[in-house]
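Me: I am new to this structure and would like a close look at a single chain. Please take one chain and describe its partners, its helix packing and the confidence of the prediction.

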Amino acid sequence: MVGSPVLFVAIPLLAAFIIPLTGMIWKNSVRIIPGLVLAFMFALSISLMGYVSEHGTIVEVIAGWKPPIGINLVFSPFTGFLTMLMTFLGFMVWLYSYKFKRNVDFEPSMKYFILLMLLVTGSVGIVLTGDIFNMFVFIEIVSISGYGLTSFYTRRDSAEAAFKFLFMGAIASTFLLIAIMIIYSQLGTLNIADIAEKMPLMDNKLKVLSLVFFILAIGVEAEIFPLNGWAPDVYTQAPGPIGAAFAGIVVKAAIYASVRLVYTMYDFGGAFDLFIIIGLITFIVAETTALRQDRLKRMLAYSSIGQMGLVMIAFGIGTKEGVYAALFLMFNHAIIKSLLFFSGSYLVFNKKNKYIKHVNGMGKYLPITSVLFTIGSFAIIGLPPFSGFWSKLAVLTAAADSKMVILIAVILIISILEAVYYLRVVNRIYFFDKKEKTETQKPSINALIAMICLGIIVLVIGFYPDLISGYLDRAATDLMDKGNYIKEVLTINK
Amino acid sequence: MNIIILILILFFLGAIITAFSGKISALVQDILFLIVLVVPAVLFFTGVDMNTESIITFSQAQLTFGMTPLSYYFSLIVMGLAVLAGFYTVGQMNGKKRKGYYYLNYILSIGAMFGILMSKDFISFFIFWEIMTWASYLIVIYNGKNVQKIGIKYFVMSAIGAYAMLMAIVLIHSITGSFLITDLISEYTGMTQGMQLLIPALLLIGFGVKAALMPLHIWAPDAYSNAPMSYTAIFSGALSKMGIYGMVIVFLSLLSKVPEGALIRDIVAWLAAITAAISTLWAIKQDDAKRLLAYSSIGQLGYIIIGVAIGTPMSIIAGLFLAFMHGVFKSALFMVVGAVEKQTGTTDLTEVTGLIRKMPWTFLAALISIIALAGIPPLGGFVGKWMLYESLILSDHFMLVILVFFSSTAAFLYCYKILFGFFLGQEEKEWAHVKEAPAIMIVPMVILSISSIVLGTYPQLILKPINAAMMSFGLPDTYGNLWKESILFNKWGNQIALAPIMYGIMLVFVIVTIFLFFRNRSRTRYVTTKDISTSGEIIKEHENLTFSRGFFQPFLRAVEPVMKRQIDKYMLSFAKGVEDLFEFTRRIYNGNGQTYAIYAMIFLIILLMFGKNLLG
Amino acid sequence: MKIAIILISLGILGFYLMDIFFGIGFGVQHFSNGVKDLYLSNSKDILKVSNVVTSIVVNFRGFDTLGEVTVLFLASTALGGILYKKRHHVGERSVLFPASRIVMSGAKLLFPSIVLLGAYVFIHGHLSPGGGFQGGTIIATGFLLMLLTYRNYSVSHNRLVYFESLAGILFISIGLVGYFSKGSFLENVLPVGNMNDLFSGGVIGIIYIAVGFKVAAELTGIIYTVLHEKD
Amino acid sequence: MEGILMSILGAIATFLLAFVVGMTYGGIRRKVIARVQNRYGPPIYQNFIDAFKLFSKTTAVHHGAMHLLGPAFLMVSAVVALMIIPVLRDNIWFTNLNFKGDLIFLIYIMTFGPLGMALGAGQTGNPNSAIGVTRGLSQMVGFEIPWVMALVALMIKYNTTSVVDLMNVQNEVGQWLIFQNPFAFVAAILASLGMFRYAPFNIVGAPTELASGPASENGGKFLFTMMSAGSVFAFVKLTLLVDVFFGGASNLIELVIKTFLLYMIPVMYGVVNPRYRTEQAVTYFWGWPLLFGFLAIIYSVYF
Amino acid sequence: MEKYLDILNVAIYGSAVLLMLIGLYGALTKKSLIKIVLGLSILDSGVHLLMIAIGYLKDGTAPIFSAGNEEKMSVMVDPIPQALVLTAIVIGFGVTAVAISLVIRLYRHHNTLRIDEIKKLKW
């Protein structure tokens, strides 16, 4: 084994504490170190994935205490896949924002990169941890760094967005604590595997209510329907790459948390139906709302929420095919939505309100960015041969195999709306004339590299989905096998 | 390397290379474009036979490519038209901007159509179907006019169709566990009755959109007329046939196997007949040649669908034959309109007049194609219509016959309108400068016109592949035997030929012409169209006597009650209503953080109170 | 209307919460085979730490504490970012009225003892109630007192950063030492000593001291940043 | 060789027959109209005189190729229709090209001529011609519906599209189709009112409005060709009606009597009615004729 | 039924829940941002009280092995909720600090503290 899952948390935190010191000596280090750390994390995840695919799940304990006493980190094909995705995206976001405009100021840029790094760390922590209270701590890390990143631009209305986020986040964390305490009071343990094993002992009523509180708490981060009022504001007001980070990293972690709850901890069959209902409502409301947006980033935000609803639906199908599809969707959504946020923020760069009409005629001024945005749009609509098609196909196939005909119909009808609003933007990029004369910002080279990387992934996965389907398949098997998870964690011999 | 894969790769790589070769020089780009179109066609006709099959395996799906007799028949249409329209395109696009973009999507859509025809499983079928859709969508919005309205309408309708198809595909997969078309066919009879109806219905929605079947046709007039004419030739000639291709498979291999299928077949046939009738009326009303032909295409596709849907051997032959003929003459007509547009800058039938002496070759192509379109005996269009009528009558679909008769009679009106509008009438000064289109545009049109004549005389040229295709569906060998059913072919026994009639007509024509011109021609002199009998008045040069506005007004007044109710108005107002509804859902996000928190509380309360029932 | 909805939903929520927790019961043994006993016995037998809460916070669930420290660090970082303005105007705090002489003198007098108390609390965190967080907070209150009393009192920002960073680095370094020498992050590498000795519990004491410094520095920093805010 | 010669001679004979009969009927019609209007009227052979006069004239001017070819189209269509229709039952002279006389083919070939003529008229640039053409086409859409319905009723009933077959059916049963399906006959005869384009359906030529419409730029041989084609067409239509509804004719006398009686129906109808407006002329056929068409179909399908 | 009558249940859990409800009420109805933040803090306090209360054992002692009570493990109250609440308090503090700073920013930007006037971002 080359490295250990614990380094995913230890190294970034160490770096976070070191950066203020090095920053006093060498200013550029505040930008470079987070990048190196993120790259390290990505490399580590790849190397561990290689190990995992050969030797099976890695369970890492903290402070030498075996579960259920100590906290443990689980690096399985499932969590490893998400870790890999998140760290990769984290690195992309870093790359994209390396030459950030506000970098002239030392202090804010230091804060930006530290917060970004910790955001990724927190998300990875949520995914890796095997302890439910530890998950709460990581959720809070993610939230607070999220608040900080959202309100990064002092000129915009970012504080308002951040405050809404915080408001919801604070309420959510309260209920998360209540849920954790209900579980603890009944089972006397906080370890997920241990809870899962003992769950049949718990009183059914308390089980239901604790799950309800969990869903409320995690739902805020996962942007499910009535709890996602903050999300569009945050996506709009945060710096462009942070929108990508939210869509690609934070939400994924939250979805992971809810999935872990339903698939591993609880033993309700009905929870899957709940997933489908919530996912469907989220999907419908978000996509219909996105149709009527006049601001680009808000549209992307609602679209992102809608996609997450689709992911919930896919998880709610509850079969291995469903999980496979959901993971594929998550992967695609992370890549594509980041691409859209990246390129979209250059298309409306210097505009105050970032209306969709500002992209008019950008195809001429920013050809590569526009092409990438177009590829992203086509991919997210699910047009073959781009990558989005395969995930949509996987979802529908999974739903069909479970005989959910009406669900398929609804998904497809809503997908049409999605196509409509994306195409409206693409049409504007290429076929509308630029009205007012405002200066456009050419993407810097690092941003361009990041975008092209993502674009290439979209195309390559579109033409050859087998590239990741192996990972997805193993991850889905891993998630479905609850008994194996419990066994792996609780019988660790270390 | 399998030849089908090779052709596909050639198309797709060629498309990209062609698109970017414009940076080198326009000529190189044109030549590359033609090479990318011609070489695959040559490869296809020389290298592909029924045995070529190749499989690409993905973890999710197995993409299987191969040729069937039916797809061979449709490939003839696609490949032939692609090459001819390709040459025409080079002429038409000369000097236009965004050539690379156009060429890219042109080749992509051709490649995708080829891919559709070669697909033996639904996944690759759907992939290519979607590629075709967005490539054609990008061409529809090529002009940049009405992008949001027309383009989106086209895309939405396509998406409805494609997603219906996708739904059917995943349902099929859930039942058969396979994406192969042959597996569907073999397991179809064992399905539940609901699925037996649902799957073909969904597939038919998918194909019906591309085949412009009412009420899914609303995109077609706008999209056809908005695309550049060189592509509309493909659009109407080949792309819409993909819908027909799918329908043939659905009707022949699925619906004909179960008794309930008759219901769907009748519904489709009726819809098609109504499509044909109504769109013909709309075509009569149009003053823009592009839109006129677009509506005309919808009507013609209606005949084809009727033929395919009725499902007797002869009607299928009629449908397939008409499909080919429609590809030939409608492409030629769109090319004609494109040529006129290029030379005059407009396609408004009320503006352009009297081009016959300026653009004689174009007129000739238009004349022959129009005669074929109207289904007037000597030319190919009639053969198809004849078979269609006969099969309808022999299978007792009398109301359909009347609808078809009505629409094909009414078609004469717009046929005349388009010829008169562009080529006949007063020769105005405004168009005196107009020249004949360049040869590269004329030649494809003329070739297509000649094909109409040839196919009218020797229909067996394409009846052979049709027969092969039908035999592959288990229908009897019609080529040698069943022809006796048709009176048309009776007199000459097994010889399927209209040649004697054709020759007879030619002979009479020559006799009459000689009679008229014998010792007469030299004494007759040409006078301009200003020199006409006007009860003694003398017409000045600038006076425009052309009768072109309100061309069929009395007739349109007569059919007013039918045309008042437009389906696309209803659909648009429905779409508008839906969007307004979404405006309401948007208001949920009212911007107040506290409200969001209240939503969260309500959500919590609901879950608390009903969670137990749900989670159990 | 809105108020009514809120009141009704709060009522329902309250009912459910009461229902849940009354059902759980107060002051009774809820579960039989939980980890509580394991923690108690391990703390006593292996770690030799008499304050079980401390052993849990720092060792058994030390990862939580690491996260917690990170949260504080993040909060102060985010705060700095949120309230960032081009220039800090040191010494121009918005104080409504100057403190009286009695308060000034008293503060001067109290400050060292407050700091001392804080240090005591976190140094003895593993022996008696209290610990790094509590001690750090006490120290920060001392600074708060000084900041409130003296308009011109200032804390060197860089010095706070040093403390903060070094304490954090120390924490993680100890964890990494455990990882590299014993194979598990935060695992104890020092001899545990005897129960109720000051030098017992291995690394726990050191970590808590680091936490104490970090918390003190961070809270002071947060207070300082907010106090310097002027509209 | 002899067969070909026979065919050619037969064709010429048929043409001459049709020409003479058509012209004579035209003359009779003029006479009838004049008498009804209380005039003396031209002699019955007046049409022959007109035709001869036109034939001997030279055409001085033309407006281009289509203009020249227009009458030829018309003539070709008339002749081909004539060749295909079975003029007499089982008569070798008048068999010509008819392969059982396919009805659909007939319907289409009969529209071919007017359309070709319309093209010729179009090129002249005379607005009257174009207006006449549009009216004619509109009217055609009107009357084709009941006409086709009547024929379809018969075709479905006897499961054939052949005129010869229909004639044979009548002979076998010994009952004319007019008695077997009177509704079809009513629909057909009402439709034929429009087909003959006599008053009140003479909106195409409409002498006082359009200066004889499509024909207005033609003279000399062209007008002669058009005139003779019109006569042949009239003969063709009448023969078709006779063949379909009255069991055909076994000899010329029978043919002449039957056709003449039929011919009098549109003539008489026209005498007492003034000209319709175009939309009236179109919608006329979508009233009673359409109803009879439906009745015919229902009758033939269900009885 | 008797669980509702248990005086300790009512006193401890009741007050904790009441605190939570008060906090929520404040956060949901008050218009001032400061009051909302206060409400959130009260909500937090309620939850912390609840957490601590879970760990209590009747007649239990503090979980500290001071000299003399090494063997009284069974009567010690549960130390885990205490440890957890420590973490939760610190996190709550962090959130409150960020919230206050955001309120300052909002006041600076909008010159008001009323939450219903700060809704530039909507729809």
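Reply: What follows is a look at chain B, taking its two neighbours in turn, then a pair of its own helices, and finally the confidence values. The model is a predicted one, and the description should be read with that in mind.

I begin with the side that faces chain D. The contact takes 58 residues from chain B and 63 residues from chain D. On the chain B side, the elements that each supply at least two residues are α15 (380-394), α16, α19, β3 (525-526) and α20 (553-558) of chain B. Of these, α16(B) gives the largest share, with twelve residues. When the residues on the side of chain B that touches chain D are sorted by class, 38 are nonpolar, twelve are polar and eight are charged.

Since α16(B) has the largest share of that side, its packing deserves a closer view. Helix α16 (residues 398-423) of chain B and helix α5 (residues 127-158) of chain D have axes that come within 9 Å and cross at roughly 165 degrees. An angle over 145 degrees counts as roughly antiparallel, so α16(B) is roughly antiparallel to α5(D). The crossing of α16(B) with α5(D) is right-handed. Among the residues of α16(B) that take part are B:F398, B:F405, B:F406, B:F412 and B:F420, while those of α5(D) include D:V133, D:L137, D:M140, D:E144 and D:I156. By class, the contact of α16(B) with α5(D) has 20 nonpolar, two polar and one charged residues.

A strand also links these two chains, for β3(B) is joined to strand β1 (residues 61-62) of chain D by two bridges, and the two strands run parallel. Within this pairing, B:R525 stands opposite D:V61 of β1(D).

The side of chain B that meets chain A can be described in a similar way. Here 46 residues of chain B are in contact with 53 residues of chain A. The elements of chain B that give two or more residues to this side are α5 (122-140), α6 (147-176), α22 (567-586) and α23 (593-615), and the largest share, 15 residues, comes from α6(B). The classes on the side of chain B that touches chain A are 30 nonpolar, eleven polar and five charged residues.

Turning to the inside of the chain, helix α14 (residues 360-374) of chain B packs with helix α17 (residues 439-457) of chain B at an angle of about 30 degrees, their axes being 9 Å apart. The crossing of α14(B) and α17(B) is left-handed. Among the residues making this contact are B:W361, B:L364, B:A365 and B:I368 of α14(B), together with B:I442, B:M445, B:V446 and B:I453 of α17(B). The contact of α14(B) with α17(B) has nine nonpolar, four polar and no charged residues.

There remains the matter of confidence. The mean pLDDT of chain B is 80, and 93% of its residues reach 70 or more. Within chain B, confidence is lowest in helix α19 (residues 499-517), at a mean of 70, and highest in helix α12 (residues 289-310), at 87. Over residues 489-497 of chain B the pLDDT is below 50, although this stretch has 16 contacts in the model beyond near neighbours in sequence. Where pLDDT is low, the predicted coordinates should not be read in detail.

Notes:
Residues are numbered from 1 along each chain as its sequence is written. Chains are lettered from A and ligands numbered from 1 in the order in which they are written. This is a predicted model: local features need pLDDT of at least 70, side-chain atom pairs count only at pLDDT 80 or more; totals for chains, interfaces and linings use all residues. Two residues are in contact if their C-beta atoms, placed from the backbone, lie within 7 Å. Helices (H or I, at least four residues) and strands (E, at least two) are DSSP runs, numbered from the N terminus. Ala, Val, Leu, Ile, Met, Phe, Trp, Tyr, Cys and Pro count as nonpolar, Asp, Glu, Lys and Arg as charged, and the others, Gly among them, as polar. Axes are lines fitted to C-alpha atoms, for helices over the stretch in contact, and angles run from 0 to 180 degrees between N-to-C directions. Angles under 35 degrees count as roughly parallel, over 145 as roughly antiparallel, 65 to 115 as roughly perpendicular and the rest as oblique. A crossing is left-handed if the near helix is turned anticlockwise from the far one by less than a right angle, and right-handed if clockwise. pLDDT is the predictor's confidence in each residue, from 0 to 100. Two strands pair if DSSP finds at least two bridges between them.
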